[in-house]
Amino acid sequence: MILSDRFNYSKEFTKASTELLNKALGEVPCYRPWQKLDPGHDFDINLRYDMIPELTKQMIRDGFPTGLMPIDRNLEQGLREQEIDYTFTSGTTGDRVVNIWDQDWWNRSEQASWQLNSHLANLTYPQKEAKLASSFNVGINCEEDLPYEYRIMGGKLYLNEKTSIIQWQDRHYLRMIEELNRFAPVILETNPSLLAKLCYFIIDRKLTVFSPKVITFTYEFVSKIHKKVISEVFNSAQLSSYGTTETGFVLVECEDERLHQNTEFARIDFHPLKDIYGGPKVGRILVSTFNNPWNIVVKFDTGDLVRLHNSASCSCGCKNGMIIEAIEGRVTNSTFSVDGKLVTTKALDDLISQVEGIRDYHIIQTSSKDYTLNLMTDRNSTEVNRKAESLLKQLYGADGNYTVNNQKSILPGPAGKFRRTEAELEVDWNSLFI
């Protein structure tokens, strides 16, 4: 069951959804097997979307390079005339994908998304921007320290060229501070965990740094712990921007901390969890993209769980499109309580962030009753560990077995993104959904 009619959509949005599906089924190689599943043009468009399956990364890999390309497009010509290029997504071996990249479409998608947040809507597009992210996600990789001018590309300053934060020394933190002061970006786009590390460095050494007008969180789940420390260092407006390489800019957080759909460029179909696992308000999203002449993306499974807002309107004034109360984390990063209830990354983060002194964390569930929590703390570890274990018992169950360890650092995964929660269990993730 796919819920796609809970919120308010314009006639233009319905028309775009119809045109996209007709084009996909009629002109794009990857979707030809879906033609027999389509009930036909006379049926409601939402029903037609309900009847077709989701697009997976494996399907994109199998069809590369022209599987998602309309038959009237010429790959060689597009590459030759520099309308498109190839790009790799970050991720583990199973998640990594090569995509056709249309920079013009990406920029238009981003520009449209800015209208969903007043801090961005008041700015002209584009703006002077710095990026602090894993070099797996953005920018270039280099084991050597690249000079400042070598890390400015397309008018954007890339503060980090390292593949791992293990490589960050004091000189790299000091360089980031100096370069933010010198470059003075209007927008700082960042992995929140990496910016938090810079903030801890600044706080510990009683330093100061330039504050941009807007800090945009992307690339990974945003922990409340990290948002708090970033607020202690920067007086910038903070917001989350959600999307993927395949889908562009899908959701943007408004000033009232809800995420709104970029309806001009994205359709979202919602696939709820079964009630026992947190549905029907929590589920995964399947994204279809508009206005991309080179990549026809229909019902792409982003792999993330979201929680729907209770109302079809928001206090910020936005009434058009899906409204998301929160990103709950990746489906496959979920853990389970002792009695088998699903626990999202956000559910754990909401509790762990209540413990003062925790700078970072990572939990591994090794069996239905065994949990290991690794913590970074700047306080008395005995007291912090005791409080953390007490909260774990509240969340997962008093009958669980809990081990709390203290570590000097907690490292991101192989894709450069932090995986804060994981279950080493055999789980049929698809079976959790209606």
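1. Strands here are DSSP runs of E with at least two residues, and helices are runs of H or I with at least four; both are numbered from the N terminus. With that in hand, Pro280 can be placed in the loop between strand 11 and strand 12. The peptide bond leading into Pro280 from Gly279 is cis, and its omega is near 5 degrees. Keep in mind that this is a predicted model.

2. Start with helix 1. Helix 1 covers residues 11–27, 17 residues in total. From first C-alpha to last it reaches 24 Å, close to the 24 Å expected at 1.5 Å a residue. Phe13, Ser17, Leu20, Leu21, Ala24 and Leu25 of this helix are buried. Viewed down the helix axis, the buried residues fall within an arc of 115 degrees, so they line one face of helix 1. An α-helix has 3.6 residues a turn, so residues three or four places apart point the same way. Lys11, Glu12 and Lys15 are exposed on the other side of helix 1.

3. What covers the buried residues of helix 1? The cover includes helix 2 (45–51) and three strands: strand 10 (259–261), strand 11 (266–272) and strand 12 (282–289).

4. Strand 11 deserves a look of its own. Seven of its seven residues are buried, so strand 11 is largely enclosed by the rest of the structure. In a regular strand, side chains alternate between the two faces of the sheet. Both faces of strand 11 are covered. Ala266, Ile268, Phe270 and Pro272 are buried on one side. Arg267, Asp269 and His271 are buried on the other. Strand 11 pairs with strand 12 over seven bridges, in the antiparallel sense. In that pairing, His271 stands opposite Arg284 of strand 12.

5. Next, an open sheet. Its four strands come in the order 19-18-17-20, with mixed pairing. Strand 19 (401–406) and strand 20 (421–423) are the edges, each pairing on one side only. From one strand to the next, the twist averages 15 degrees. Strand 17 (residues 358–365) and strand 18 (residues 370–377) run antiparallel and are joined by seven bridges. Asp360 stands opposite Met376 in strand 18. Helix 10 (residues 345–352) packs on this sheet and touches strand 17, strand 18 and strand 20. The direction of helix 10 makes about 140 degrees with that of strand 17.

6. Is Arg151 buried or exposed? Its relative accessible area is 2%, and buried means under 20%, so Arg151 is buried. Arg151 sits in the loop between strand 3 (129–132) and strand 4 (152–153). Leaving out residues up to four places away in sequence, Arg151 touches eight named residues: Leu146, Lys156, Leu157, Tyr158, Leu159, Glu161, Arg175 and Glu179.

7. Another cis bond is worth checking. Tyr125 and Pro126 are joined by a cis peptide bond, with omega about -5 degrees. Pro126 belongs to the loop between helix 6 (118–121) and strand 3.

8. Finally, backbone angles. Glu257 is not a glycine, yet has a positive phi of about 70 degrees. Glu257 lies in the loop between strand 9 (248–253) and strand 10. Its relative accessibility is 51%, so Glu257 counts as exposed. Asn291, also a residue other than glycine, has a positive phi near 70 degrees. The loop holding Asn291 runs between strand 12 and strand 13 (300–308). At 42% relative accessibility, Asn291 counts as partly exposed.

Technical notes. Residues numbered from 1 in each chain as written. Predicted model: local features only at pLDDT ≥ 70, side-chain atom pairs only at ≥ 80, totals over all residues. Heavy atoms only, no water. Pairing = 2+ DSSP bridges. Axes fitted to C-alpha atoms, helices over the stretch in contact; angles between N-to-C directions. Contact = heavy atoms within 4.5 Å. Expected span 1.5 Å × (residues − 1). Buried < 20%, exposed > 50% of the residue type's maximum accessible area, 1.4 Å probe, protein only. Arc of directions from axis to C-beta.
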